[in-house]
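Student: I am new to this structure and would like a close look at one part of it, the aromatic rings and the elements that carry them. Could you take me through them slowly?

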Amino acid sequence: MDERNGHPADELDAVRAVFSRPGPSPEAVAAGRDRLLAEAAAVPTAPPERPGRRPAAGTRTREDAVASGRWPGRRDPAGSRVRRWAPAGRGLAGVAAAAALALAMTLPSDAPIRLAPDQAGTAPATPGSDRPDARQILLAAASATAGEPAGGAYWRTRVVTGQRILSPDRRYVIARRSTRETWLTRQDGRQDRWAGRYLGAGPATPRDEAAWRAAGSPGTWRYPADVTGLGRVTPEALVEAAPGEPRSGPHRVGWRDADGILTKQLTGWKALGTIPDDPARLRAYLVARIARENGAYVGREMEAELRKTCLEIISRLPVSPELRAAAYRILASLPGMTAEGQVTDPLGRTGQALTYQVVEDGRLSDRRLVIDPASGLPLAEETSSAATLAGGQDTQVGSFVAFEAIGWTDEEPMH
Amino acid sequence: MAAPPDAPVAADDAALIERSWHDPDSFAVLYDRYFGEIHRYVAARLGTHLADDLAAETFLVAFRKRRTFDPARGAVRPWLYGIATNLVADHRRRETRGLEALQRAPAGEVTDGGHEERVTARVTAASVQGRLAAAIRRLSPGDRDVLFLVVLAELSYEEVAQTLGIPFGTVGSRLNRVRRKLRRGLGGVNPMIGGSDG
């Protein structure tokens with residue numbers, strides 16, 4: 001079909017133009033799915049003793065076994081996974097802790113949702129080694145999130161974002177962080193606002209700190225035009241070690257009527273209100289929407305798109321607790337997520353980790369979602385990918401978004 | 001919602017079918033992956049309204065036949081298109097009537113009993129649409145299958161061969177023949193000229 005590329009205005013293009021249809025409606029997707037599931041339910045049930053379903057205490061589940069062998073191309077020694085997801089480092093830990101403290105102090109007692117570090121440990125402990133699988137964790141989160149309060153003057157989200165990037169000379173890893181808070185309102189007379197602060201950058205680990213000192217303890221780093229393999233950093237960026245001043249202002253991303261991004265499109269308050277909050281209807285709605293946006297071929301990208309969209313609903317969009325619970329239930333039904341047990345997130349909070357992989361720019365990237373089973377709220381989303389230092393040592397670069405507050409509030413922004 | 005059980009890895013299509021032997025609900029993952037494009041393909045041939053039913057029917061048939069799927073003979077996607085194409089064949093007369101209607105209708109005003117259809121503004125000349133529909137109506141069913149599988153489903157020749165159970169080389173020769181006939185049917189009219197956005 002190469003010749004088609006050379007002749008865009010040919011008879012096959014005309015056929016495509018005349019016969020293309022926009023894709024199924026959510027109702028058609030839901031109706032067909034219901035028919036299939038009814039058919040599936042009529043099939044005699046599977047043997048009750050399904051392997052991995054209820055593992056005896058102390059045994060490895062099937063999931064463990066598959067998980068341990070599922071990371072293609074990874075040659076890291078055992079235990080490296082723990083290191084890959086280690087907190088961003090000593091130098092910054094102080095900065096972050098101070099920032100977290102400051103934020104906690106400015107947080108009034110009736111804050112909608114507290115996700116403060118001191119909540120660590122309140123998550124229900126997993127008894128023994130019979131740890132829950134990804135599906136159980138997500139279903140528990142669905143139940144927990146359904147009980148949240150809904151409604152308030154503002155939808156407020158406060159996040160800490162961070163990146164682990166290689167220094168321009170590739171001799172050590174730099175960790176940097178920022179914080180950002182957004183206040184979205186649908187009430188007249190109130191204004192969408194944002195506030196944020198650059199929290200600074202520094203060597204990520206003691207070993208990185210030694211390499212940084214050996215390089216003369218630079219306070220700024222100028223990046224080249226080609227940042228391939230360095231991690232998530234803008235070409236020609238100037239990265240500064242010192243924290244910036246607090247900044248704030250009206251929130252303008254053109255989303256007075258567009259309060260989030262759902263399956264690539266800006267979504268407004270009105271549209272958010274029409275999203276079905278029943279899991280089956282929501283799934284059909286999202287499948288139809290993704291199919292329309294992606295044209296002829298979606299294929300196995302569908303689960304990745306569904307997962308991404310459900311995470312958007314759960315962690316970013318001002319929607320009802322029921323809708324977020326429905327999104328968790330869809331996540332629970334998707335293949336590809338593995339429970340990693342209890343971990344510490346980049347802000348030092350304890351939660352349950354779920355890992356999965358995504359294809360990004362043609363390369364596999366590891367993702368980790370940390371959720372607090374007690375509240376059903378996401379604590380952090382992390383990405384990680386392999387990188388190589390100048391000396392040839394393997395290391396990891398990546399980024400994270402840690403959620404400090406997600407929810408409705410009647411407070412006013414103080415900036 | 002019936003959720004498939006814990007699934008640690010993104011199972012590929014064929015593995016999903018095998019899993020659905022003992023875990024029927026996991027077939028729904030295939031539904032989500034392919035319902036949209038199967039619907040689009042059927043809708044191009046029979047209209048949106050009938051596509052709602054036949055695309056769903058495609059997955060019911062596939063589910064019932066899931067134990068007969070043989071990965072050695074091709075991938076899941078062409079297998080699904082093969083089932084959909086068989087279902088389309090049961091509605092040959094409906095397809096012909098639709099093409100006749102398209103032949104007569106002014107461009108951009110074609111409806112098929114479903115919701116509003118968008119016919120791209122690039123092909124506005126009614127004569128192009130009508131001539132195209134007439135030429136497609138005159139194609140043999142097998143040629144028409146190849147045309148729609150290549151153009152609307154965007155299948156490769158290899159996948160079309162698997163879908164229709166015909167040799168690889170036949171796909172190319174059928175498509176060449178189809179293109180000749182369509183060009184002749186268009187009578188030298190450049191199909192993309194004369195549109196409102198030029």
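**Aromatic rings and their surroundings**

Tutor: In this model, which is predicted, Tyr31(B), Phe35(B) and Phe59(B) form one aromatic cluster. Chain B also has a charge placed against a ring, since Arg66(B) lies over the face of Phe63(B), at 3.9 Å from the ring centre.

Turning to rings that pair with each other, a pair of aromatic rings is described by the distance of the centres and the angle of the planes. With centres within 6.5 Å as the condition, the count over all chains comes to 10 aromatic pairs. In one of them, Trp155(A) and Trp408(A), the ring centres are 5.3 Å apart and the planes stand at 70°, so this pair is edge-to-face, given that the class takes in angles over 60 degrees. Because Trp155(A) belongs to strand S1 (residues 154-166) of chain A and Trp408(A) to strand S13 (residues 394-409) of chain A, the pair ties together parts that are 253 residues apart in sequence. Trp155(A) and Trp408(A) are both buried.

A pair in chain B can be set beside it: the ring centres of Tyr157(B) and Phe168(B) are 6.3 Å apart, and their planes make 55°, so the pair is tilted. Tyr157(B) sits in helix H8 (residues 157-164) of chain B and Phe168(B) in helix H9 (residues 168-186) of chain B, with their positions 11 residues apart, and the pair links distant parts of the chain. Phe168(B) has 46% relative accessibility and therefore counts as partly exposed.

The two tryptophan strands, S1 and S13, take us to the sheet of chain A, an open one in which 9 strands follow the order S6-S3-S2-S1-S13-S12-S11-S10-S9 with antiparallel pairing. At its edges stand strand S6 (247-250) and strand S9 (338-344) of chain A, and because each has a single partner strand, one side of each is left without a neighbour in the sheet. From one strand to the next the twist averages 20°. Within this sheet, strand S2 (residues 173-184) and strand S3 (residues 193-203) of chain A run antiparallel and are joined by 10 bridges, and Thr179(A) has Arg197(A) as its bridge partner in S3(A). Helix H7 (residues 134-145) of chain A packs on the sheet, where it touches S9, strand S10 (350-360) and strand S11 (363-372) of chain A, and the direction of H7 makes about 115° with that of S10(A).

Between S1 and S2 of chain A there is a loop that holds Arg170(A), a residue other than glycine whose phi is nonetheless positive, near 60°. Most residues other than glycine have a negative phi. Arg170(A) is partly exposed, because its relative accessibility is 30%.

Chain B also offers a helix contact that includes aromatic residues. Helix H1 (residues 13-22) and helix H2 (residues 27-46) of chain B pack at an angle of about 145°, and their axes are 8 Å apart. On the H1(B) side the contact is made by Asp13(B), Leu16(B), Ile17(B) and Ser20(B), and on the H2(B) side by Phe27(B), Val29(B), Leu30(B), Arg33(B) and Tyr34(B). Sorted by class, these are 6 nonpolar, 1 polar and 2 charged residues.

Conventions:
Residues numbered from 1 in each chain as written. Chains lettered and ligands numbered in written order. Predicted model: local features only at pLDDT ≥ 70, side-chain atom pairs only at ≥ 80, totals over all residues. Heavy atoms only, no water. Phe/Tyr/Trp six-rings, centres within 6.5 Å; stacked < 30°, edge-to-face > 60°. Helix = DSSP H or I, 4+ residues; strand = E, 2+ residues; numbered from the N terminus. Buried < 20%, exposed > 50% of the residue type's maximum accessible area, 1.4 Å probe, protein only. Lys NZ or Arg CZ within 6 Å of the ring centre and 35° of its normal. Pairing = 2+ DSSP bridges. Axes fitted to C-alpha atoms, helices over the stretch in contact; angles between N-to-C directions. Contact = heavy atoms within 4.5 Å. Nonpolar A, V, L, I, M, F, W, Y, C, P; charged D, E, K, R; others polar.
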